[in-house]
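This report describes one protein structure for a reader who meets it here for the first time. Please look over the sequence and the model before reading on.

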Amino acid sequence: MRLREFFFGTIVMTLALITGNANPVTAFIPEVDPEMDADRQTASSAAVIMPLAPSTVIANDKVLESAYYDTLTILSVSNTCSDFFGGPVIAVDVFAKFMQTVKKDHLAPAIAMRMSGQTTSVFNTATKAEYRLFDKASLNSNGPFYRRAVSRADVSVPHVGKYAPNTEKVRVLILLHELGHVMTDRDGKWVLPDDGNNETLSRENSRKIEEVCGDQIQKLGENEGMKNLARQKLAEEKVALQRSSVSQPQ
């Protein structure tokens, strides 16, 4: 079994690549970075891709749903964080596809997320983005995404980076850290290097996310209008799809 685990800073990963596809859906319009190369500039000038609706797992979990929209809010506009992930169009598309694979699991408290199975290598011909998706992406319901401690008798769960466990900020940091391990940069390298059992490198990767995304993470809660707009847009699209399916002749 191929396995990748995100402990508070530890990742274990091996790879097997298969070709896949990614298709654009709908959108916000970001600014274009004049320093970006031509291919990525073209992608960033297009409409930011949004999923038609979050997965059932996300929609049925208010904590995960909030973290999902918090992260989309950061990635859907041009800033240091979205630019680090290739610009808003690429970042939102890959994040949305990655999050569709996430399921909850009950794992050891030290694990934040675990990815296992073969990986699918995806190339989006519209955005020129390359990324990988694991067969299984498990978000630990027993770890720092949801809990400060396992029980009253246990020691509190450690911080991830500088953020306390079971907070909106640490949840976004965890998701962005994971995103960095599935995406490639313009040179074809992983946005965050594989850190395996190297706890020092894993912590450095978390610090890198804090460095490029810290300002946006710190401002979580100030962009409720954008988050609510995203929720409303996706809800309207879902209703439109349902009406369309009902109106189709049987």
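A residue is called buried when its relative accessible area is under 20%, exposed when it is over 50%, and partly exposed in between, with a 1.4 Å probe and protein chains only. The model is predicted, so local features need pLDDT of at least 70 and side-chain atom pairs count only at pLDDT 80 or more, while totals for chains, interfaces and linings use all residues. Residues are numbered from 1 along each chain as its sequence is written, and side-chain values use heavy atoms, with hydrogens and water left out.

The protein chain has 8 helices and 5 strands, where helices (H or I, at least four residues) and strands (E, at least two) are DSSP runs numbered from the N terminus. Of its 250 residues, 48% count as buried. Contact means heavy atoms within 4.5 Å, and among contacts between residues at least 6 apart in sequence, 69% join residues at least 24 apart.

A search of the whole structure finds 1 disulfide, a pair of cysteine sulfur atoms within 2.5 Å. Cys 81 and Cys 213 form this link with their sulfur atoms 2.1 Å apart, and with 80° about the S-S bond it is right-handed. Because Cys 81 lies in helix 4 and Cys 213 in helix 7, the pair ties together parts that are 132 residues apart in sequence. The two cysteines are set out below.

| Residue | Helix | Relative accessible area |
|---|---|---|
| Cys 81 | helix 4 (residues 80-84) | 0%, buried |
| Cys 213 | helix 7 (residues 199-218) | 0%, buried |

A nonpolar core is a set of buried Ala, Val, Leu, Ile, Met, Phe, Trp, Tyr and Cys residues joined through side-chain atoms within 4.5 Å. The largest one holds 48 residues, of which Phe 85 and Leu 176 touch the most other members, and helix 6 gives the largest share, 8 residues. Leaving aside neighbours within four places in sequence, Leu 176 is in contact with residues including Phe 85 and both cysteines of the disulfide, Cys 81 and Cys 213.

Helix 6 (residues 168-182) also packs against helix 5 (residues 88-99) at an angle of about 100°, with the axes 10 Å apart. Axes are lines fitted to C-alpha atoms, for helices over the stretch in contact, and angles run from 0 to 180 degrees between N-to-C directions. The two helices are therefore roughly perpendicular to each other, a label for angles of 65 to 115 degrees, whereas those under 35 count as roughly parallel, those over 145 as roughly antiparallel and the rest as oblique. Helix 5 makes the contact through Val 94, Phe 95, Phe 98 and Met 99, and helix 6 through Leu 175, Glu 178, Leu 179 and Val 182.
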